[in-house]
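Colleague: Please take me closely through a single strand of this model, with its partners and its surroundings. I should also like to know how the model is to be read.

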Amino acid sequence: MPQHDSSHSQAQGLILQEELKILREKNQQLQQQLEISQQRHREVEQRLALHPISGLPTHYMMEAQIQELLSAAEKDSFHSYAFVLIQLGPAYDMVKRTMKSSVTEWVLYQLSQRLNLLLGTDDHIFHTRENEFLILRRYDEESVLTSFLTLIQHQVTEPHIFSGFNLTLESWIGVSLYPQHGIDRSALLHGADIALGHCQELKAPFVIFDVSLEKRVLEKMELQNAIIKAIEAPALKAIGHQFELYFQPKLTLARQGQAWSVKGIQAEVLLRWNHPTKGQIQPSQFIPIAEETGLIMPIGKWSLYQVVEQLKDWGETAFGEVQLAFNVSARQFRSHDLVEIFQKATRKHKTVVEKLTLEVTETSLFEDPLEAEQILKAFKNFGLKISVDDFGTGFSSLSHLHKFTLDEIKIDQSFVRGLPENPQDLAIVRSLISIAKELNLHIVAEGVETLNQLEELADLGCQTVQGYLISRPLTRAGFESFVHKLQTNGRCLELTSPLETA
Ligand code: C2E
Ligand code: CA
Ligand code: CA
């Protein structure tokens with residue numbers, strides 16, 4: 001039936017045409033959408049290319065620019081380049097935390113303008129992170145570079161004045177050089193970053209990369225891994241295989257003619273790490289790493305449980321009078337669960353709480369004084385005594401001390417060292433002792449190494465002392481025999497000549 005056939009194919013043709021039309025329309029729509037999204041993409045890229053506050057090129061632009069510069073440098077082998085990484089220090093974070101965002105933005109804008117003005121036509125600057133800038137600059141000689149770095153530092157530290165506020169920032173600057181420290185982007189940025197880390201650690205105005213710095217970073221990482229190994233599985237108990245607590249006597253004395261009688265016995269608990277291959281590692285080497293990485297938390301928890309057990313054991317013996325001082329680093333102090341850890345550790349042995357003093361550094365208190373006061377109150381309510389360690393080394397002023405709930409201040413050993421000859425140290429120690437008395441705080445001197453120092457301190461009114469003159473830090477057994485000796489010879493300490501300090 002041909003008629004039927006032709007009308008059928010006509011109908012099919014119409015359907016096809018209609019479908020084609022729909023497809024074309026769809027295609028057109030898709031094309032429009034594609035153009036819109038490409039346009040958006042370009043806008044986003046543009047936005048990403050320039051920092052919204054400073055208007056400087058961001059790290060998106062940096063990649064291409066570095067590549068261009070390095071390929072040009074490769075062809076022209078006479079040229080060297082400096083990669084100058086600048087990071088704003090904690091003062092910037094403080095401004096950010098405490099001021100309106102318009103103030104922070106103004107500070108960033110002003111700073112980027114100042115940095116921009118230092119640049120020559122061939123230099124490049126990037127605003128790589130909120131608080132970080134990178135400058136790429138031709139390098140000729142070290143003296144020219146160091147003057148440039150000093151200028152940067154001055155521009156950062158010069159006060160930023162904004163509607164009545166006078167804000168002062170600080171910076172860390174790390175530098176790497178092409179081709180001396182690397183020939184590709186990642187090696188050079190890595191080098192500048194390592195130098196920046198050292199600048200921060202050394203509190204130097206700037207640091208130029210050096211291979212020895214990388215070695216130090218590697219050593220640090222190695223130690224970090226070793227700490228992890230020492231404290232990891234099977235459990236907290238295993239920490240005791242490598243870590244050990246030492247006890248350094250902290251005695252309250254009264255002069256009796258040529259001798260000294262012991263009125264009170266305390267000891268400061270000091271951690272020692274017996275590394276399986278490296279031997280004993282001093283706290284000054286591993287505590288800062290443990291603090292930085294947070295590993296101080298499990299280590300601190302372990303030592304606290306040890307201390308509680310120790311006090312409980314001694315409580316049932318002749319050593320029951322011994323009190324212990326426990327060091328708490330800044331990170332431990334700030335962690336909100338520290339009070340809870342103390343509560344848990346002492347739950348079954350309530351009587352040990354009154355024998356415990358916490359040694360908190362002055363810097364921990366003054367980092368955030370309001371928060372510190374809350375934490376201190378919680379410790380006090382719990383029944384612990386608080387001592388301010390390394391007193392005089394931080395930035396606090398004595399007049400701020402009364403704001404805190406404290407029991408004791410510990411004069412830092414750097415002031416004790418100068419006694420009795422150094423007039424400045426003498427004046428500082430004298431005023432510390434008199435203020436402590438006014439505030440009704442107990443005062444302790446650490447690092448007492450000579451009889452002259454002890455006598456001077458006693459004359460000034462400081463009766464509690466700690467240092468190599470009395471004893472070096474001792475193992476548990478060593479400390480027990482030290483106390484036993486005191487108890488059996490009438491609590492009399494014969495200190496006739498300065499002990500060797502080697
Ligand atoms: P610190 O709390 O100021 O401890 C006093 C440091 O001075 C100890 O060093 C001690 O051995 C040393 N020392 C004591 N008497 C004298 C002396 O007469 N002359 C000299 N030159 N030094 C003396 P150590 O044991 O190496 O500890 C160093 C630091 O490591 C401690 O300083 C403390 O901040 C930290 N630390 C030690 N153990 C722990 C711990 O268990 N937890 C925490 N968070 N920190 C700890
Ligand atoms: Ca201490
Ligand atoms: Ca100290």
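Modeller: The account below follows one strand, β9, through its partners and then turns to its setting.

This is a predicted model, in which local features need pLDDT of at least 70 and side-chain atom pairs count only at pLDDT 80 or more, whereas totals for chains, interfaces and linings use all residues. Residues are numbered from 1 along each chain as its sequence is written, while chains are lettered from A and ligands numbered from 1 in the order in which they are written.

Strand β9 covers residues 259-275 and pairs with β8 (residues 243-256) in the antiparallel sense, over 14 bridges. Strands (E, at least two residues) and helices (H or I, at least four) are DSSP runs numbered from the N terminus, and two strands pair if DSSP finds at least two bridges between them. Strands of a sheet pair through backbone hydrogen bonds, either parallel or antiparallel. Within the pairing of β8 and β9, A267 is the bridge partner of P249. The hairpin of these two strands has 2 residues between them, and G257 takes a positive phi there, near 65°.

Three further strands pair with β9 as follows. Strand β10 (residues 279-281) is antiparallel to β9 and is held to it by 3 bridges, with Q280 as the partner of N274. A hairpin of 3 residues leads from β9 to β10. Strand β11 (residues 323-328), by contrast, runs parallel to β9 and is joined to it by 4 bridges; here Q266 stands opposite Q323. Finally, β17 (residues 492-493) pairs with β9 in the antiparallel sense over 2 bridges, and S261 faces C492 in that pairing.

Strand β9 also belongs to the surroundings of ligand 1. Together with α8 (283-293), α9 (296-315), β11 and β13 (385-391), β9 is among the elements that each supply at least two residues of the shell. In total, 26 residues surround ligand 1, and the closest are L271, P283, S329, G467 and Y468; a residue counts as near if its C-beta atom, placed from the backbone, lies within 6 Å. The shell divides into 10 nonpolar, 11 polar and 5 charged residues. In that division, Ala, Val, Leu, Ile, Met, Phe, Trp, Tyr, Cys and Pro are nonpolar, Asp, Glu, Lys and Arg are charged, and the others, Gly among them, are polar.

As for the wider protein, an automatic or database assignment divides the protein into domain 1 (59-209) and domain 2 (223-493). Their C-alpha centres lie 41 Å apart. The protein comes to 17 helices and 17 strands, and its C-alpha trace spans about 130 × 70 × 50 Å along the principal axes.

Another sheet offers a point of reference. It is open, has 5 strands in the order β2-β3-β1-β6-β7, and shows mixed pairing. β2 (124-129) and β7 (207-208) stand at its edges with a single partner strand each, so one side of each is left without a neighbour in the sheet. β2 is joined to β3 (residues 132-139) by 5 bridges in the antiparallel sense, and R129 has E132 as its bridge partner.
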